[in-house]
Amino acid sequence: ITPETECRVRDSLALVDLYNSTDGPNWINSWDLSEPMCNWHGISFSNQTCKGCLSSVKLFSNNLVGTLPPSIGNLSNLEELILDFNTLKNIPEEIGGLINLTRFTCRSCSLSEKIPDEIFNLTNLRTLILDDNELSGSLSDSIGNLEHLTYLTLNQNNFSGEIPSTIGGIENLQFLNLSENQLEGMVPLELENLNDLTYFYIGSNNLSGLIPEGIFISNPALRNFDISNNNFSGDLPATILDARCLRSLSIENNNISG
(Lines give C-alpha, C1' and ligand atoms only; values in the text may rest on other atoms or scores of the structure.)
Protein backbone atom coordinates (compact mmCIF):
# COMPACT_ATOMS: atom_id res chain seq x y z
CA ILE A 1 0.00 0.00 0.00
CA THR A 2 1.37 3.41 -0.97
CA PRO A 3 1.61 6.31 1.53
CA GLU A 4 -0.96 8.18 -0.56
CA THR A 5 -3.44 5.29 -0.42
CA GLU A 6 -2.81 4.87 3.30
CA CYS A 7 -3.64 8.48 4.13
CA ARG A 8 -6.72 8.42 1.87
CA VAL A 9 -8.11 5.43 3.72
CA ARG A 10 -7.29 6.94 7.10
CA ASP A 11 -8.78 10.32 6.16
CA SER A 12 -11.97 8.85 4.73
CA LEU A 13 -12.64 6.82 7.89
CA ALA A 14 -12.17 9.90 10.09
CA LEU A 15 -14.45 12.01 7.89
CA VAL A 16 -17.18 9.38 7.97
CA ASP A 17 -16.91 9.40 11.77
CA LEU A 18 -17.28 13.19 11.70
CA TYR A 19 -20.34 12.89 9.47
CA ASN A 20 -21.97 10.29 11.72
CA SER A 21 -21.23 12.06 15.01
CA THR A 22 -22.55 15.47 13.88
CA ASP A 23 -25.85 14.45 12.24
CA GLY A 24 -24.46 14.50 8.70
CA PRO A 25 -27.77 13.73 6.92
CA ASN A 26 -29.16 17.01 8.28
CA TRP A 27 -26.23 19.23 7.34
CA ILE A 28 -27.07 22.17 5.11
CA ASN A 29 -24.57 20.82 2.60
CA SER A 30 -24.52 17.12 3.31
CA TRP A 31 -22.18 14.48 1.89
CA ASP A 32 -23.09 11.60 -0.37
CA LEU A 33 -20.81 8.95 1.09
CA SER A 34 -21.12 6.89 -2.09
CA GLU A 35 -19.33 9.67 -3.99
CA PRO A 36 -15.53 10.20 -4.03
CA MET A 37 -14.25 12.41 -1.20
CA CYS A 38 -13.27 15.16 -3.63
CA ASN A 39 -17.00 15.69 -4.30
CA TRP A 40 -17.79 16.26 -0.62
CA HIS A 41 -18.59 19.81 0.44
CA GLY A 42 -15.78 21.68 2.19
CA ILE A 43 -13.04 19.13 1.52
CA SER A 44 -9.71 19.95 -0.15
CA PHE A 45 -6.60 17.90 -0.85
CA SER A 46 -2.91 18.66 -1.12
CA ASN A 47 -3.15 17.84 -4.82
CA GLN A 48 -5.88 19.73 -6.69
CA THR A 49 -6.58 16.73 -8.92
CA CYS A 50 -8.23 14.99 -5.97
CA LYS A 51 -5.12 13.05 -5.10
CA GLY A 52 -2.88 13.24 -2.10
CA CYS A 53 -3.83 13.62 1.54
CA LEU A 54 -6.56 15.75 3.03
CA SER A 55 -5.37 19.33 3.59
CA SER A 56 -8.49 21.33 4.49
CA VAL A 57 -11.91 20.85 6.09
CA LYS A 58 -14.17 23.92 5.87
CA LEU A 59 -17.65 23.21 7.23
CA PHE A 60 -18.61 26.56 8.76
CA SER A 61 -22.32 27.40 9.09
CA ASN A 62 -23.29 23.89 7.99
CA ASN A 63 -25.53 22.77 10.87
CA LEU A 64 -23.14 20.26 12.36
CA VAL A 65 -24.77 19.15 15.62
CA GLY A 66 -23.08 16.74 18.02
CA THR A 67 -19.49 16.09 19.05
CA LEU A 68 -16.16 15.96 17.29
CA PRO A 69 -15.07 12.29 17.26
CA PRO A 70 -11.68 11.23 18.64
CA SER A 71 -10.72 10.03 15.17
CA ILE A 72 -10.50 13.67 14.05
CA GLY A 73 -6.98 13.42 15.42
CA ASN A 74 -6.09 10.92 12.69
CA LEU A 75 -6.15 13.66 10.02
CA SER A 76 -2.44 14.19 10.57
CA ASN A 77 -1.85 15.99 7.23
CA LEU A 78 -4.67 18.48 7.81
CA GLU A 79 -3.63 22.14 7.61
CA GLU A 80 -6.98 23.91 8.04
CA LEU A 81 -9.98 23.01 10.21
CA ILE A 82 -12.76 25.61 9.94
CA LEU A 83 -15.92 24.76 11.89
CA ASP A 84 -17.42 28.13 12.89
CA PHE A 85 -21.13 28.58 13.60
CA ASN A 86 -22.08 24.98 14.29
CA THR A 87 -23.11 23.18 17.52
CA LEU A 88 -20.22 20.93 18.43
CA LYS A 89 -19.85 21.15 22.24
CA ASN A 90 -16.36 19.66 22.53
CA ILE A 91 -12.74 19.72 21.44
CA PRO A 92 -11.39 16.18 21.92
CA GLU A 93 -7.89 15.74 23.31
CA GLU A 94 -7.04 13.75 20.18
CA ILE A 95 -6.86 17.05 18.30
CA GLY A 96 -3.23 16.99 19.38
CA GLY A 97 -2.66 14.56 16.50
CA LEU A 98 -3.15 17.32 13.91
CA ILE A 99 0.55 18.10 13.84
CA ASN A 100 0.42 20.01 10.54
CA LEU A 101 -2.54 22.22 11.46
CA THR A 102 -1.93 25.93 10.83
CA ARG A 103 -5.49 27.25 11.22
CA PHE A 104 -8.21 26.13 13.63
CA THR A 105 -11.39 28.18 14.01
CA CYS A 106 -14.56 27.23 15.86
CA ARG A 107 -16.29 30.46 16.83
CA SER A 108 -19.89 30.27 18.06
CA CYS A 109 -19.84 26.46 18.34
CA SER A 110 -21.30 26.06 21.86
CA LEU A 111 -17.96 24.64 23.00
CA SER A 112 -17.81 24.07 26.75
CA GLU A 113 -15.43 22.88 29.50
CA LYS A 114 -11.68 23.45 29.15
CA ILE A 115 -9.45 23.69 26.13
CA PRO A 116 -7.56 20.38 26.09
CA ASP A 117 -3.86 20.86 26.79
CA GLU A 118 -3.09 18.79 23.69
CA ILE A 119 -4.08 21.72 21.49
CA PHE A 120 -1.01 23.56 22.74
CA ASN A 121 1.21 20.90 21.16
CA LEU A 122 0.17 22.09 17.69
CA THR A 123 3.27 24.18 17.19
CA ASN A 124 2.52 24.91 13.52
CA LEU A 125 -0.68 26.82 14.39
CA ARG A 126 -0.78 30.36 13.08
CA THR A 127 -4.46 31.10 13.75
CA LEU A 128 -6.57 29.98 16.72
CA ILE A 129 -10.09 31.41 16.92
CA LEU A 130 -12.44 30.06 19.60
CA ASP A 131 -14.49 33.14 20.49
CA ASP A 132 -18.17 33.23 21.53
CA ASN A 133 -18.30 29.83 23.21
CA GLU A 134 -18.68 28.57 26.79
CA LEU A 135 -15.09 27.50 27.41
CA SER A 136 -13.98 27.79 31.02
CA GLY A 137 -11.10 27.14 33.37
CA SER A 138 -7.73 28.86 33.38
CA LEU A 139 -5.56 29.36 30.34
CA SER A 140 -2.62 26.97 30.46
CA ASP A 141 0.94 28.27 30.47
CA SER A 142 1.46 25.77 27.65
CA ILE A 143 -0.20 28.27 25.31
CA GLY A 144 3.29 29.69 24.93
CA ASN A 145 4.23 26.57 22.96
CA LEU A 146 2.29 27.99 19.99
CA GLU A 147 5.38 29.87 18.93
CA HIS A 148 4.22 30.57 15.35
CA LEU A 149 0.83 31.97 16.33
CA THR A 150 -0.07 35.33 14.78
CA TYR A 151 -3.81 35.45 15.55
CA LEU A 152 -5.30 34.44 18.92
CA THR A 153 -8.97 35.10 19.67
CA LEU A 154 -10.55 33.67 22.83
CA ASN A 155 -13.01 36.43 23.68
CA GLN A 156 -16.58 35.90 24.90
CA ASN A 157 -15.96 32.76 26.95
CA ASN A 158 -15.76 32.00 30.68
CA PHE A 159 -11.99 31.77 31.17
CA SER A 160 -10.78 32.63 34.66
CA GLY A 161 -7.44 33.02 36.40
CA GLU A 162 -4.55 35.13 35.17
CA ILE A 163 -3.31 35.86 31.67
CA PRO A 164 -0.40 33.44 31.12
CA SER A 165 2.91 35.29 30.97
CA THR A 166 4.05 32.76 28.36
CA ILE A 167 1.94 34.56 25.75
CA GLY A 168 4.71 37.13 25.81
CA GLY A 169 7.01 34.56 24.20
CA ILE A 170 4.87 34.21 21.06
CA GLU A 171 7.06 36.59 19.11
CA ASN A 172 4.98 36.85 15.93
CA LEU A 173 1.63 37.50 17.63
CA GLN A 174 -0.21 40.35 15.91
CA PHE A 175 -3.80 39.98 17.13
CA LEU A 176 -4.71 39.15 20.74
CA ASN A 177 -8.31 39.19 21.95
CA LEU A 178 -9.11 37.95 25.47
CA SER A 179 -12.05 40.29 26.10
CA GLU A 180 -15.31 39.36 27.84
CA ASN A 181 -14.04 36.62 30.09
CA GLN A 182 -13.43 36.45 33.86
CA LEU A 183 -9.68 36.93 33.82
CA GLU A 184 -8.08 38.58 36.84
CA GLY A 185 -4.78 39.81 38.18
CA MET A 186 -2.29 42.07 36.47
CA VAL A 187 -1.26 42.16 32.83
CA PRO A 188 2.03 40.21 32.62
CA LEU A 189 4.98 42.45 31.85
CA GLU A 190 6.12 39.78 29.37
CA LEU A 191 3.42 41.00 26.98
CA GLU A 192 5.62 44.05 26.40
CA ASN A 193 7.84 41.72 24.34
CA LEU A 194 5.21 41.37 21.60
CA ASN A 195 6.83 43.73 19.13
CA ASP A 196 4.47 42.87 16.27
CA LEU A 197 1.25 43.29 18.25
CA THR A 198 -1.28 45.37 16.33
CA TYR A 199 -4.57 44.61 18.10
CA PHE A 200 -4.73 44.21 21.89
CA TYR A 201 -8.14 43.53 23.42
CA ILE A 202 -8.55 42.55 27.09
CA GLY A 203 -11.68 44.56 27.94
CA SER A 204 -14.56 43.38 30.14
CA ASN A 205 -12.61 41.18 32.57
CA ASN A 206 -11.60 41.58 36.24
CA LEU A 207 -8.03 42.68 35.55
CA SER A 208 -6.32 45.17 37.84
CA GLY A 209 -3.05 46.96 38.56
CA LEU A 210 -1.27 49.48 36.41
CA ILE A 211 -1.37 49.74 32.65
CA PRO A 212 1.91 48.22 31.41
CA GLU A 213 3.60 51.35 30.05
CA GLY A 214 6.16 49.44 28.01
CA ILE A 215 3.52 47.97 25.72
CA PHE A 216 3.26 51.29 23.88
CA ILE A 217 7.02 51.59 23.43
CA SER A 218 7.69 48.05 22.24
CA ASN A 219 4.80 47.83 19.81
CA PRO A 220 5.26 50.49 17.11
CA ALA A 221 2.53 48.89 14.99
CA LEU A 222 -0.10 48.99 17.77
CA ARG A 223 -3.39 50.25 16.31
CA ASN A 224 -6.17 49.17 18.68
CA PHE A 225 -5.84 49.04 22.48
CA ASP A 226 -8.83 48.08 24.65
CA ILE A 227 -8.68 47.60 28.42
CA SER A 228 -12.16 48.98 29.15
CA ASN A 229 -14.44 47.65 31.89
CA ASN A 230 -11.75 46.35 34.24
CA ASN A 231 -10.20 47.53 37.52
CA PHE A 232 -7.00 49.18 36.28
CA SER A 233 -5.69 52.05 38.39
CA GLY A 234 -2.96 54.66 38.40
CA ASP A 235 -2.06 57.22 35.76
CA LEU A 236 -2.42 56.85 32.05
CA PRO A 237 1.23 56.28 31.05
CA ALA A 238 2.96 59.02 29.09
CA THR A 239 4.43 56.32 26.86
CA ILE A 240 1.10 56.22 25.04
CA LEU A 241 2.54 59.06 22.94
CA ASP A 242 5.03 56.54 21.51
CA ALA A 243 2.22 54.54 19.93
CA ARG A 244 2.12 56.65 16.79
CA CYS A 245 -0.02 54.17 14.83
CA LEU A 246 -2.72 54.04 17.51
CA ARG A 247 -6.20 54.51 16.04
CA SER A 248 -8.48 53.26 18.82
CA LEU A 249 -7.99 53.62 22.58
CA SER A 250 -10.62 52.23 24.98
CA ILE A 251 -9.88 52.74 28.69
CA GLU A 252 -13.30 53.64 30.08
CA ASN A 253 -14.79 52.15 33.24
CA ASN A 254 -11.54 51.71 35.14
CA ASN A 255 -9.92 53.71 37.97
CA ILE A 256 -7.36 55.43 35.75
CA SER A 257 -6.36 59.03 36.37
CA GLY A 258 -4.04 61.60 34.86
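**Exercise 1. Classify E180 in this predicted model: is the residue buried, partly exposed or exposed?**

Solution. Begin with the relative accessible area of E180, which is 41%. Next, recall the cut-offs, under 20% for buried and over 50% for exposed, with partly exposed in between. E180 therefore counts as partly exposed. To complete the description, locate E180 along the chain, where its place is in the loop between β10 and β11. Finally, look at the backbone, where the phi of E180 is near 55°, a positive value in a residue other than glycine.

**Exercise 2. Describe N253 by stating where the residue is found and what its phi is, and decide whether N253 is buried or exposed.**

Solution. As a first step, find N253 in the loop between β16 and β17, the latter covering 255-257. As a second step, read its backbone angle: N253 has a positive phi of about 60°, although the residue is not a glycine. As a third step, take its relative accessibility of 54% and set this value against the cut-off of over 50% for exposed residues. N253 therefore counts as exposed.

**Exercise 3. Place N177 in its strand, and work out which residues beyond its sequence neighbours are in contact with N177.**

Solution. N177 has its place in strand β10, which covers residues 175-177. Its relative accessible area is 11%, and because buried means under 20%, N177 is classed as buried. Now set aside the neighbours within four places in sequence; the contacts of N177 that are left are L152, T153, L154, N155 and Y201. One of these residues, L152, lies 25 residues from N177 along the chain, and yet the C-alpha atoms of the two are separated by 6.4 Å.

**Exercise 4. Trace the pairing of β9 with β7 and with β11, and say which residues of β9 are on its covered face.**

Solution. Start with β7 (residues 134-138), which runs parallel to β9 and is joined to it by three bridges. Within this pairing, S138 has S160 of β9 as its bridge partner. Then turn to β11 (residues 182-185), which is also parallel to β9 and is joined to it by two bridges; here S160 is partnered with Q182 of β11. For the faces, remember that side chains in a regular strand alternate between the two faces of the sheet. In β9, which covers residues 158-161, F159 and G161 make up the covered face, whereas N158 and S160 make up the uncovered one.

**Exercise 5. Write down the strand order of the open sheet of 10 strands, and explain why one side of β1 and of β16 is left without a neighbour in the sheet.**

Solution. The order is β1-β2-β3-β4-β6-β8-β10-β12-β14-β16, and the pairing is mixed. β1 (43-47) and β16 (248-250) stand at the edges with a single partner strand each, so one side of each has no neighbour in the sheet. From one strand to the next, the twist averages 15°. For one pairing in detail, consider β12 (residues 199-201) and β14 (residues 224-226), which run parallel and are joined by three bridges, and in which F200 has F225 of β14 as its bridge partner.

**Exercise 6. State how many cavities of 30 Å³ or more a search of the whole structure finds, and which residues line the largest cavity.**

Solution. The search finds one such cavity, and the largest cavity holds about 40 Å³ of space. Its lining consists of K114, I115, D117, F120, S138, L139, S140 and F159. Sorted by character, the lining residues divide into four nonpolar, two polar and two charged.

Notes. Residues are numbered from 1 along each chain as its sequence is written. This is a predicted model: local features need pLDDT of at least 70, side-chain atom pairs count only at pLDDT 80 or more; totals for chains, interfaces and linings use all residues. Side-chain values use heavy atoms; hydrogens and water are left out. Buried means under 20% relative accessible area, exposed over 50%, partly exposed in between (1.4 Å probe, protein chains only). Helices (H or I, at least four residues) and strands (E, at least two) are DSSP runs, numbered from the N terminus. Two strands pair if DSSP finds at least two bridges between them. Contact means heavy atoms within 4.5 Å. On a 1 Å grid over the protein atoms alone, a cavity is a set of points where a 1.4 Å probe fits but cannot get out, and a pocket is an open set with protein on both sides within 12 Å along at least five of seven lines; lining residues have an atom within 4 Å of a point. Grid points are joined across faces, edges and corners, and a volume is the space filled by probe spheres set on the points. Ala, Val, Leu, Ile, Met, Phe, Trp, Tyr, Cys and Pro count as nonpolar, Asp, Glu, Lys and Arg as charged, and the others, Gly among them, as polar. Axes are lines fitted to C-alpha atoms, for helices over the stretch in contact, and angles run from 0 to 180 degrees between N-to-C directions.
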